[in-house]
Amino acid sequence: MKTKQDILQGTLDLIVLKTLDTLGPQHGYGIAQRVQQVSDGLLFLNQGTLYPALIRLEQKGWLSSEYGPSDNNRKARFYALTRQGKKQLLSELEQWELTVSLMSKLLEAK
């Protein structure tokens, strides 16, 4: 039985950065839809979580944004990775792999 999961603390930046790296510029709804699709519906990013994160990542210089028309021809804010954001993504991926390795060792210890 599938149940929706809360986002693991500290992973939201990585999820957003990787999604934009994969898809290119997207609006918030597109990011949320992609995360839900890739996670087979197990992870849902609500607006109260996602939009403050997008603003924070833009303030850090990891994302840029501009307004453009969405698929249904409404005005939407599209977010894209900056050069600094791509560097941060690599750093976040490295840190995630270290975390996964550490947790695997701890959980497999006898």
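How do the residues of the lining of the second largest pocket divide into nonpolar, polar and charged? In this predicted model, the lining of that pocket divides into four nonpolar, four polar and four charged residues. The points below take up the pocket, then helix H4, and then Asp13 of helix H1.

**The second largest pocket**

- The second largest pocket has a volume of about 230 Å³, and the elements that give two or more residues to its lining are helix H2 (28-38) and strand E3.
- E3 gives the most to this lining, with four residues.
- Among the residues that line the second largest pocket are His27, Gly28, Tyr29 and Tyr51, together with Ser70, Asp71, Asn72 and Arg74, and the lining also includes Lys75, Ala76, Arg77 and Tyr79.

**Helix H4**

- Helix H4 covers residues 83-108, 26 residues in all, and reaches 38 Å from its first C-alpha to its last, which is close to the 38 Å expected at 1.5 Å a residue.
- The buried residues of H4 are Gly85, Gln88, Leu89 and Glu92, and these buried residues pack against helix H1 (12-23) and strand E3 (75-81).

**Asp13 in helix H1**

- Asp13 is found in helix H1 and counts as buried because its relative accessibility is 12%, where buried means under 20%.
- Leaving aside residues up to four places away in sequence, Asp13 touches Arg56, Leu57, Lys60, Trp62 and Glu92, and Glu92 is itself one of the buried residues of H4.
- Asp13 and Gln26 lie 13 residues apart in sequence, and their C-alpha atoms are 15 Å apart in space.

Methods. Residues numbered from 1 in each chain as written. Predicted model: local features only at pLDDT ≥ 70, side-chain atom pairs only at ≥ 80, totals over all residues. Heavy atoms only, no water. Expected span 1.5 Å × (residues − 1). Buried < 20%, exposed > 50% of the residue type's maximum accessible area, 1.4 Å probe, protein only. Contact = heavy atoms within 4.5 Å. 1 Å grid on protein atoms, 1.4 Å probe; cavity = no way out; pocket = protein on both sides within 12 Å on 5 of 7 lines; lining within 4 Å. Points joined across faces, edges and corners; volume = space filled by probe spheres on them. Nonpolar A, V, L, I, M, F, W, Y, C, P; charged D, E, K, R; others polar.
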